[in-house]
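Trainee: Could you take me through one part of this model slowly? I would like a close look at the surroundings of the ligand, and at how they connect with the rest of the fold.

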Amino acid sequence: MWRSEGAQNDPSDCLKPTPVDLFDDIPLKLPDARLRYEPHFLTPAEARDWLARLLAETPWEQPQVHLHGRYYPVPRLVAWYGDPEASYRYSGLVHQPLPWTPLLAEIRARVEAAVGQRLNGVLLNYYRDGQDSMGWHSDDEPELGRNPLVASLNLGGTRRFDLRRKGASRIEHSLELGHGALLVMSGPTQHYWQHQVAKTRTPCAPRLNLTFRWIR
Ligand SMILES: O=C(O)CCC(=O)C(=O)O
Ligand SMILES: [Fe+2]
């Protein structure tokens, strides 16, 4: 995986409320991708409660990545939870999972029921403000297997999530991922597409993103 951690893109206004959608479960039509977007997966009250509890209980880390002979802190805080065998490599580092907390086990059960498959690990990303970001990458690590399902739950401030084809620089699709939204990427998506959460100069509320995965 290559995350271009320094990437700076157009600012997105991340305090915009999630638009009210006519449909609650939206399949997004991008070629060679399978995306499902549920802007109102959680009720606002549920999302608020989970956000507050996760922010209070999570032992955040800021790993360093090695780039061009130097170490840089990743521009966000992270934590990795999972079943004992679900060790996971991200930003060039292998992470042993923290054991599921009762809250994360509850959230996992909810997401598993929505996607109809088991999930044994979750990466928590905490974007403290608009300067925290995630560079272009695909979730295509070997331990995720072929055509992995990645279920992304979003709490707190809205941030823009961009998609581009691998090898291209043009953004083909963007989504505003707001409080309580679920985005499910599956099928060949990680094979053909990359995604990012770019930095933005627009003031925005802290955001917590949870990506549930199945590690082989
Ligand atoms: O924060 C997001 O929406 C993206 C997170 C992500 O791409 C990842 O954890 O692999
Ligand atoms: Fe990702």
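Mentor: Gladly! Let us begin with a definition: a residue is near a molecule if its C-beta atom, placed from the backbone, lies within 6 Å of it. Keep in mind, too, that this is a predicted model.

With that cut-off, the residues surrounding ligand 1 are Leu-123, Asn-125, Met-134, Asp-139, Ser-152, Phe-161, Leu-177, His-195, Val-197, Asn-209 and Thr-211. Two or more of these residues come from each of strand 8 (121-127), strand 14 (193-197) and strand 15 (207-213). Sorted by class, the shell holds 5 nonpolar, 5 polar and 1 charged residues.

Now let us see where those strands sit. Strand 14 belongs to an open sheet of 4 strands, ordered 9-14-11-12, with antiparallel pairing. Strand 9 (134-137) and strand 12 are at the edges of this sheet with a single partner strand each, so one side of each has no neighbour there. On average, neighbouring strands in this sheet are turned by 15° against each other, direction ignored. Strand 9 and strand 14 run antiparallel and are joined by 2 bridges. You can find His-195 again here, as the bridge partner of His-137.

Strand 8 and strand 15 take us to another open sheet, in which 7 strands follow the order 1-2-13-10-15-8-5, again with antiparallel pairing. Its edges are strand 1 (26-28) and strand 5, and each has a single partner strand, so one side of each is left without a neighbour in the sheet. From one strand to the next, the twist averages 20°. Helix 1 packs on this sheet, where it touches strand 10 and strand 15, and its direction makes about 90° with that of strand 10. Helix 2 lies across strand 5, strand 8, strand 10, strand 13 and strand 15, and runs at about 125° to strand 10.

What about the nonpolar residues? In soluble globular proteins, nonpolar side chains tend to be buried together. Here the largest nonpolar core has 41 residues, and those touching the most other members are Val-122, Leu-124, Ala-151, Leu-182, Leu-183, Leu-208 and Leu-210. Among the elements that each supply at least two residues of this core are helix 1 (44-57), helix 2 (102-115), strand 8 and strand 15. Strand 8 gives the most, with 5 residues. As one example from the core, Ala-151 touches Val-111, Val-115, Leu-119, Leu-182, Val-184 and Phe-212, leaving aside residues up to four places away in sequence.

Definitions and conventions: Residues are numbered from 1 along each chain as its sequence is written. Chains are lettered from A and ligands numbered from 1 in the order in which they are written. This is a predicted model: local features need pLDDT of at least 70, side-chain atom pairs count only at pLDDT 80 or more; totals for chains, interfaces and linings use all residues. Ala, Val, Leu, Ile, Met, Phe, Trp, Tyr, Cys and Pro count as nonpolar, Asp, Glu, Lys and Arg as charged, and the others, Gly among them, as polar. A nonpolar core is a set of buried Ala, Val, Leu, Ile, Met, Phe, Trp, Tyr and Cys residues joined through C-beta atoms within 7 Å. A residue is buried if 20 or more other C-beta atoms lie within 10 Å of its own, exposed if 12 or fewer, and partly exposed in between; C-beta atoms are placed from the backbone. Two residues are in contact if their C-beta atoms, placed from the backbone, lie within 7 Å. Two strands pair if DSSP finds at least two bridges between them. Axes are lines fitted to C-alpha atoms, for helices over the stretch in contact, and angles run from 0 to 180 degrees between N-to-C directions.
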